[in-house]
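Me: I want to learn how to read contacts, burial and a ligand shell from a model. Can you take me through it step by step?

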Amino acid sequence: MPPFGRAPRTPEPPPSPSPDASAHPAGHIRLGVESVTRKPFDIAVPEGMAQHVTLLGLTGSGKTTTAERLAEGAVASGVALLVVDAKGASLRAAARRLAAASGLDYREVVPGAPGTLGYNPCAVGSRAQVADKLVSAFTHGPAGQVYRVIAMETISILVGILQGLGEPVTIRRLRRELDRTRMPGLAHRARDVTPELADDLADLAKRGGVTADAFEGMRSRLGALLHGEYGAVFDGDGPQLDLPAALASPGVTYISLPALAVSQDTALMARVLIQDLKQAAFERLRQPDTAPAMLVLDEFAALDDPAQINDLLRQAREARVSTVVSTQQLPDPRTAHALRSALLGAGVVIAHRVGPDDAEAVARVIGTQRGVQVTRTMGNDGEAARRSVRTVDRYTVDPNVMKQLATGEAVVLSIVGGRRVATLRVLPPLSADPA
Ligand SMILES: Nc1ncnc2c1ncn2[C@@H]1O[C@H](COP(=O)(O)OP(=O)(O)O)[C@@H](O)[C@H]1O
Ligand SMILES: [Mg+2]
């Protein structure tokens, strides 16, 4: 009988571990309990998550709950937590509970929510970094390359001047200054502080044609951000989200991207945020002693930007930010090959119930085992008439098992600190509402 097959789903009650058994041991995340051996499955913090964690599973299979369990164990070990909810707000209550249960600061960016933090992506970074953050967030077709270059140059100059003048750099302010009729005035004011940038700006203002068109394009894109769902968040003059700080010290930060029907402006906000996260991760490289951090990115596919997600995974890993990414489906190898490989090559792959293609893909990564296959041919009288034995290579975990997992069950492959493969019942988060 296969150990994890569908038919023999154990009728006896699932292991209801004592509170002790479900608690996270010091320095570890207790992810769950192995289905067969009933042994706990732990992940060391932060070493076990030095490479990202891929959470895979169809809707309702248990991804978000598992993400919460991972986050809970990490926070208990003193990890700074940043949660980005790319679809709906499923982790918001969980993030809040986690902070409360551990007595940590909780901050959130939730458009429309009372008390939401403001978010100014132009607040940190050099002028080139701020320009890169904004310009990279906008998609430019191949023909748009020239606009991209002009936008980079112009925004970088404007940011440099505003920084030099000690004036706040905001999306609204940049939008206002991307105007040829205002540029000479700003250049004039800046000539003593940043003379070269002032000259460059005055010069830009004189160029017409494609340069002027590029200003217009950039203005409307920044305008789309200001008039979209996040407008109030970008314009907020209250307390602001500080991304580098959110990753630097224990605390829980939650950012909602309610991309129900990924609207243009939510997608834009998401791309700005991903750029900003990459830079915040990059900044950590300069501070090798910062506390460990975890980034949870639930349902990243809603962001529809595989190349940037892949980049973020790489950057976060270098900066020792443990990243947990969840998705219902592996991305298509034809359009997102790099991200697909990165997801399958994660330090920890957690596969909940998945569709046939993904089951096959995960089974292949887990690998095969050589075994013997015994075939008996029965005689008419029921006696074994012939017996043949041959060696065969079989998947260590049968893809069918992954297609039939119950909610909260998962096949786990961990390659960090020794290769481990297990089928688990993921423990519900300790702080979860009793359902
Ligand atoms: N490990 C688990 N133990 C108990 N219940 C779970 C577990 N994982 C998920 N559930 C329940 O199953 C439902 C769907 O889980 P969820 O994590 O939201 O799935 P997904 O994010 O994959 O859509 C929720 O009601 C949740 O409480
Ligand atoms: Mg979910």
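Me: Which residues is R30 in contact with, leaving aside its neighbours within four places in sequence?

Reply: Contact here means heavy atoms within 4.5 Å. In this predicted model, R30 touches D20, A21, A23, H24 and P25. Its list goes on with P40, F41, D42, R69 and L427.

Me: Where is R30 found?

Reply: R30 sits in strand β1, which spans residues 28-34.

Me: Why does R30 count as buried?

Reply: Buried means under 20% relative accessible area. R30 has 13% relative accessibility, so R30 counts as buried.

Me: Now the ligand. Which residues surround ligand 1?

Reply: Start with the run L58, T59, G60, S61, G62, K63, T64 and T65. T407, G408, V426 and P428 also surround ligand 1.

Me: How do the residues of that shell divide into nonpolar, polar and charged?

Reply: Three are nonpolar, eight polar and one charged.

Me: Which helix gives the most to the shell around ligand 1?

Reply: Helix α2, residues 63-76, with three residues.

Me: Which backbone atoms should I check against the oxygen atoms of ligand 1?

Reply: A polar contact is a pair of N or O atoms within 3.5 Å. A backbone N or O atom of G60 lies 2.7 Å from a ligand 1 oxygen. For a backbone N or O atom of K63, the distance to a ligand oxygen is 2.9 Å. For S61, again a backbone N or O atom, it is 3.3 Å.

Me: How much of ligand 1 does the protein bury?

Reply: Taken alone, ligand 1 exposes 550 Å². The protein buries 62% of that.

How values were computed. Residues numbered from 1 in each chain as written. Chains lettered and ligands numbered in written order. Predicted model: local features only at pLDDT ≥ 70, side-chain atom pairs only at ≥ 80, totals over all residues. Heavy atoms only, no water. Near = heavy atom within 4 Å. Polar contact = N/O pair within 3.5 Å; in protein donor to acceptor, adjacent residues only side chain to side chain. Areas by Shrake-Rupley, 256 points an atom, 1.4 Å probe, with all protein chains shown as cover. Helix = DSSP H or I, 4+ residues; strand = E, 2+ residues; numbered from the N terminus. Nonpolar A, V, L, I, M, F, W, Y, C, P; charged D, E, K, R; others polar. Buried < 20%, exposed > 50% of the residue type's maximum accessible area, 1.4 Å probe, protein only.
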